[in-house]
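Work through the exercises below with the structure in view. Try each task before you read its solution.

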Amino acid sequence: METCVINTPLGYTKIVGDDYGINTITVLNSEEQETDIIPEILQDCVYQLQEYFEGKRKNFTLKLNPQGTNFQKTVWKALAEIPYGKTTSYLELSRQLGDEKAIRAVANANGKNPIWIVIPCHRVIGSNGSLTGYAGGLYRKQWLLEHESPYKQQTLF
């Protein structure tokens, strides 16, 4: 496994992957030393994340290899299908997966998503429109949703 740490507008981010694909992308809650030389296998991921943060990329074309249970992988696949700039609720996602009673299991799998931003768990909100929990912190979730919103807040002055 190759690893690198990059700085993003939302903090330092650790990327881990190999020939089988990106294994994890994790936002860190501490300052880390940025990687001087990005391993070749991770360069495209770093480039695509930079484009995303610059507002130039809406879809990722990375080979992914997240590790989890079959159920978690099913949920993560459904998350990856949520379009840029759109949101869904945990209930809607549960229904899409065929069992609205599985809402807690879906929420749990969402919270264990190992590939930050690329598998867009930040696009899942509460049925009442609330942000609800987010492993990276609600301020990051709000930032990501605003970043992807087609409706940009204008200044009053």
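**Exercise 1: the sheet**

In this predicted model, three strands form an open sheet, ordered β1-β2-β3, with antiparallel pairing. Find the edge strands and say why one side of each lacks a neighbour.

Solution.
- Step 1. β1 (2–8) and β3 (21–27) are at the edges. Each has a single partner strand, so one side of each is left without a neighbour in the sheet.
- Step 2. Check the twist. Direction ignored, neighbouring strands are turned by 20 degrees against each other on average.
- Step 3. Take β2 (residues 11–18) and β3. Six bridges join these antiparallel strands. T13 stands opposite V27 in β3.
- Step 4. Add the helix. α1 (residues 43–53) lies across β1, β2 and β3. Its angle to β1 is about 15 degrees.

**Exercise 2: the annotated stretch**

Describe residues 5–65.

Solution.
- Step 1. Start with the record. UniProt, in an unreviewed entry, places "domain: Methylguanine DNA methyltransferase ribonuclease-like" here, at residues 5–65.
- Step 2. Turn to the model. Residues 5–65 are 18% helix and 31% strand. The end C-alpha atoms are 18 Å apart.

**Exercise 3: the aromatic rings**

Count the aromatic pairs, taking ring centres within 6.5 Å as the rule. Then classify two pairs of Y52.

Solution.
- Step 1. The rule gives five aromatic pairs.
- Step 2. Y52 and F53 have ring centres 5.3 Å apart and planes at 80 degrees, so this pair is edge-to-face.
- Step 3. Y52 and F60 form a tilted pair, at 5.7 Å centre to centre and 35 degrees between the planes.
- Step 4. Check burial. Y52 and F53 are buried. F60 is buried too.
- Step 5. Assemble the group. Y52, F53, F60, Y84, W116 and W143 form one aromatic cluster.

Conventions. Residues are numbered from 1 along each chain as its sequence is written. This is a predicted model: local features need pLDDT of at least 70, side-chain atom pairs count only at pLDDT 80 or more; totals for chains, interfaces and linings use all residues. Side-chain values use heavy atoms; hydrogens and water are left out. Rings of Phe, Tyr and Trp (its six-membered ring) pair if their centres lie within 6.5 Å; planes under 30 degrees apart count as stacked, over 60 as edge-to-face and the rest as tilted. Buried means under 20% relative accessible area, exposed over 50%, partly exposed in between (1.4 Å probe, protein chains only). UniProt positions are given in the numbering used here, feature names are shortened, and annotations may be inferred rather than shown by experiment. Helices (H or I, at least four residues) and strands (E, at least two) are DSSP runs, numbered from the N terminus. Two strands pair if DSSP finds at least two bridges between them. Axes are lines fitted to C-alpha atoms, for helices over the stretch in contact, and angles run from 0 to 180 degrees between N-to-C directions. Contact means heavy atoms within 4.5 Å.
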